[in-house]
Amino acid sequence: MSDGWQESAQAWIASQGDEGDFGRRWVMDAPMLERVRRRPFRRALDVGCGEGRFCRMLRAHGILAVGIDPTEGLIAHARTLDPEGDYRVEAAEALGFQDGTLDLVVSYLSLIDIPDAAAAIREMARVLAPGGILLIANLAGYNSAADANELGWTTLPDGRRAHAMDHYLEEKVGWIAWKGIRIQNWHRPLSTYMTLLLNQGLRLTHFAEPRADPGGDPVRAAHYDRAPWFMLMEWEKPAFNPASG
Ligand SMILES: C[S@@+](CC[C@H](N)C(=O)[O-])C[C@H]1O[C@@H](n2cnc3c(N)ncnc32)[C@H](O)[C@@H]1O
């Protein structure tokens, strides 16, 4: 059964525009790029690159970035926008890259869209060179546990608005729809991701829940800061990997 991405590709492209949607443009881009600028990365892989926006940003920083995504319509658009780039139709669960060949692997808000997170994280760790970095932006589990179509916001009996969620520890897949996009998302609690990453012998070197930049729209930014929305994690593959023996 389709996960909705192929059918949603054009609506997704429209939702991102030139600069990305609000959460990317005003919340996550700056802290993600701040981590990228801290080291002289040379060869990067963007897993679930969509229409290639973050790959283009990496390439603008002089990094040789390859983008992979299983959604053909998105990869076709990425190639149109960046004909010199390297964009491939491929899934995270079986990466066509050799072991230890990349010094930066990025998953920018793609983990909740990937059906087999265990295989994907194993593959991301495999292709990283010792000393390499896995940079993850993910939707907070608190958020993905909410009623996706209401985006978790509900009215309390006293009239206040609050963010609600339930069954946080239960993993589930569900449909979410907005702006002509209709896709499946996998809710997993934070411990699922942490365990999978730790089991690969990766070491957490940075963790953040970035605030929205009020420069875009102060009212909207304040709204973003009311509930856990995004998280940023940076994991390093040790030069000696205890998990591999
Ligand atoms: C929310 S979009 C994020 C796209 C891009 N990283 C960005 O931030 O604009 C999630 C992406 O995950 C991709 N995706 C779905 N299943 C995947 C899989 N098995 N492996 C890799 N990517 C997948 C979708 O095609 C989609 O492009």
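A disulfide is a pair of cysteine sulfur atoms within 2.5 Å. Keep that cut-off at hand for the exercises below.

The model is predicted, with local features needing pLDDT of at least 70 and side-chain atom pairs counting only at pLDDT 80 or more, while totals for chains, interfaces and linings use all residues. Residues are numbered from 1 along each chain as its sequence is written, and side-chain values use heavy atoms, leaving out hydrogens and water.

**Exercise 1.** Work out how many disulfides the structure holds, and why Cys-55 is not bonded to Cys-49.

*Solution.*
- Step 1: Find the cysteine sulfur closest to that of Cys-55; it belongs to Cys-49, 5.1 Å away.
- Step 2: Because this distance is too far for a bond, the pair does not qualify.
- Step 3: The count for the structure is therefore zero disulfides.
- Step 4: Check the surroundings, where buried means under 20% relative accessible area, exposed over 50%, and partly exposed in between (1.4 Å probe, protein chains only). Cys-49 is buried at 7%, and Cys-55 is buried at 0%.

**Exercise 2.** Describe the setting of Ser-15: where does Ser-15 lie, and which residues does Ser-15 touch?

*Solution.*
- Step 1: Place Ser-15 in helix 1, residues 5-16. Helices (H or I, at least four residues) are DSSP runs, numbered from the N terminus.
- Step 2: Ser-15 counts as buried because its relative accessibility is 15%.
- Step 3: List the contacts (heavy atoms within 4.5 Å). Leaving aside residues up to four places away in sequence, Ser-15 touches Asp-21, Lys-179 and Ile-181.
- Step 4: Add the polar contact of 3.3 Å between the side chains of Ser-15 and Gln-16. Such a contact is a pair of N or O atoms within 3.5 Å; within protein, one must be able to donate a hydrogen and the other to accept it, and residues adjacent in sequence count only if both atoms are side-chain atoms.

**Exercise 3.** Find which residues are closest to the ligand, then look at its polar partners.

*Solution.*
- Step 1: Use the cut-off for being near a molecule, a heavy atom within 4 Å of it. The ligand is surrounded by 19 residues, the closest being Arg-24, Gly-48, Asp-69, Thr-71 and Tyr-108.
- Step 2: Start with side chains. An N or O atom in the side chain of Arg-24 is 2.8 Å from a ligand oxygen atom, and a polar side-chain atom of Thr-71 lies 2.6 Å from an oxygen atom of the ligand.
- Step 3: Turn to the backbone. An N or O atom there in Ala-92 lies 2.9 Å from a nitrogen atom of the ligand.

Notes: Helix = DSSP H or I, 4+ residues; strand = E, 2+ residues; numbered from the N terminus.
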